[in-house]
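Here are some notes to read alongside the structure, for anyone meeting it for the first time. Have the viewer open and pick out the residues as they come up.

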Amino acid sequence: MAITKGFRALVDEAMAQVTTYSVAQVKARLTDANTQMVDIRDVRELAEGTVPGAFHAPRGMLEFWVDPASPYHKPVFANEAKEFILFCGAGWRSALAAKTLQDMGMSNVAHMDGGWAEWVKQGAPTETLEQHKARRLAKA
C-alpha cells in the first residue's frame with residue numbers, strides 16, 4: 001500500500017492550523033498561572049528531564065485524558081481558563097496533538113516549536129525526572 005499523505009504533510013497541515021509559540025514566548029509565560037505546559041513525550045523520554053511545572057500526558061493517552069466522557073479523564077484538562085501548551089521532542093507530535101485537540105473542540109491549546117530539543121538548546125530551565133516526580137507527589 002502506498003502512503004498518499006506522509007507525516008511531513010500532516011505536520012505541515014497541523015502547523016498551519018494551530019497556535020505555535022517559540023521557546024522564548026513559552027519561557028516568558030512559564031510562571032503564568034493560566035498557562036499549563038503539557039509534555040506529551042513517551043515516559044522513556046522523561047529521563048532527559050522536562051519543562052518545570054509540566055504535566056505529563058503521553059501522546060497515546062492524550063485524547064482519553066482530555067475528554068470528560070472518558071473513564072481516563074484527568075481533571076487538569078477541565079480548566080478552560082488555562083492555555084495548554086503541548087511539547088514533544090522536536091515539535092512534530094505536539095503539532096499533530098494540538099490539531100487533534102482542536103478537532104475535539106479545545107480552543108485553548110497550542111504547541112511549542114522545536115519541542116524539548118529546542119528548549120534545551122536555548123538553555124531554558126529544566127527539571128529532572130526526580131524533581132518532576134517529587135513535585136507531582138507534593139500536589140497529591
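1. One cut-off before we start: a residue is called buried when its relative accessible area is under 20%, exposed when over 50%, and partly exposed in between. Keep in mind, too, that this is a predicted model.

2. Let's try that cut-off on asparagine 108, which sits in the loop between H4 and strand E5 (109-112). Is asparagine 108 buried or exposed? Its relative accessibility is 17%, so asparagine 108 counts as buried, given that the limit is under 20%. Its side chain reaches the backbone oxygen of lysine 82 at 2.7 Å. Setting aside residues up to four places away in sequence, asparagine 108 touches Asn79, Glu80, Lys82, Glu83 and Phe84.

3. Now the sheet. Five strands make up an open sheet, ordered E1-E5-E4-E2-E3, with parallel pairing. At the edges are strand E1 (19-21) and strand E3 (55-56), each of which pairs on one side only. E4 and E5 run parallel to one another and pair over three bridges. If you want a spot to zoom in on, look at leucine 86, which stands opposite histidine 111 in E5.

4. Next, follow H4. This helix lies across E1, E4 and E5, and runs at about 175° to E5.

5. Which residues have the most contacts inside the largest nonpolar core? They are Val38, Ile40, Leu62, Phe77, Leu86 and Leu101, in a core of 16 residues. Helix H3 (62-66), strand E4 (83-87) and helix H4 (92-103) are the elements that give two or more residues to this core. As general background, nonpolar side chains tend to be buried together in soluble globular proteins.

6. Leucine 101 is a good place to look around inside that core. Not counting neighbours within four places in sequence, leucine 101 is in contact with Leu62, Val66, Leu86, Met106 and Val109. There is also a second, separate core of 13 residues, and Met37, Ala54, Phe87 and Ala110 are among them.

7. On to charges. Side chains of opposite charge can pair when their charged atoms come close. How many salt bridges does a search of the whole structure find? The count is nine. One of them joins the side chains of arginine 41 and aspartate 39, at 2.8 Å from N to O. Arginine 41 is buried, its relative accessible area being 0%, and aspartate 39 is buried as well, at 1%. Asp39 and Arg41 also belong to a salt-bridge network that takes in Glu48.

8. Then have a look at arginine 44 and aspartate 42, whose side chains meet in a salt bridge at 2.7 Å from N to O. Arginine 44 is exposed, with a relative accessible area of 68%, while aspartate 42 is partly exposed at 28%.

9. Glutamate 45 has a salt bridge too, with arginine 93, where the closest N and O atoms are 3.0 Å apart. Glutamate 45 is in the loop between strand E2 (35-39) and E3, whereas arginine 93 is in helix H4, so the pair ties together parts that lie 48 residues apart in sequence. Arginine 93 is partly exposed, with a relative accessible area of 31%.

10. Finally, alanine 134, found in helix H6 (residues 129-139). Alanine 134 is partly exposed at 46% relative accessible area. Its C-alpha atom is separated by 37 Å from that of arginine 8, and the two residues are 126 residues apart along the chain.

Conventions:
Residues are numbered from 1 along each chain as its sequence is written. This is a predicted model: local features need pLDDT of at least 70, side-chain atom pairs count only at pLDDT 80 or more; totals for chains, interfaces and linings use all residues. Side-chain values use heavy atoms; hydrogens and water are left out. A nonpolar core is a set of buried Ala, Val, Leu, Ile, Met, Phe, Trp, Tyr and Cys residues joined through side-chain atoms within 4.5 Å. Buried means under 20% relative accessible area, exposed over 50%, partly exposed in between (1.4 Å probe, protein chains only). Helices (H or I, at least four residues) and strands (E, at least two) are DSSP runs, numbered from the N terminus. Contact means heavy atoms within 4.5 Å. A polar contact is a pair of N or O atoms within 3.5 Å; within protein, one must be able to donate a hydrogen and the other to accept it, and residues adjacent in sequence count only if both atoms are side-chain atoms. Two strands pair if DSSP finds at least two bridges between them. Axes are lines fitted to C-alpha atoms, for helices over the stretch in contact, and angles run from 0 to 180 degrees between N-to-C directions. A salt bridge is a side-chain nitrogen of Lys or Arg within 4 Å of a carboxyl oxygen of Asp or Glu.
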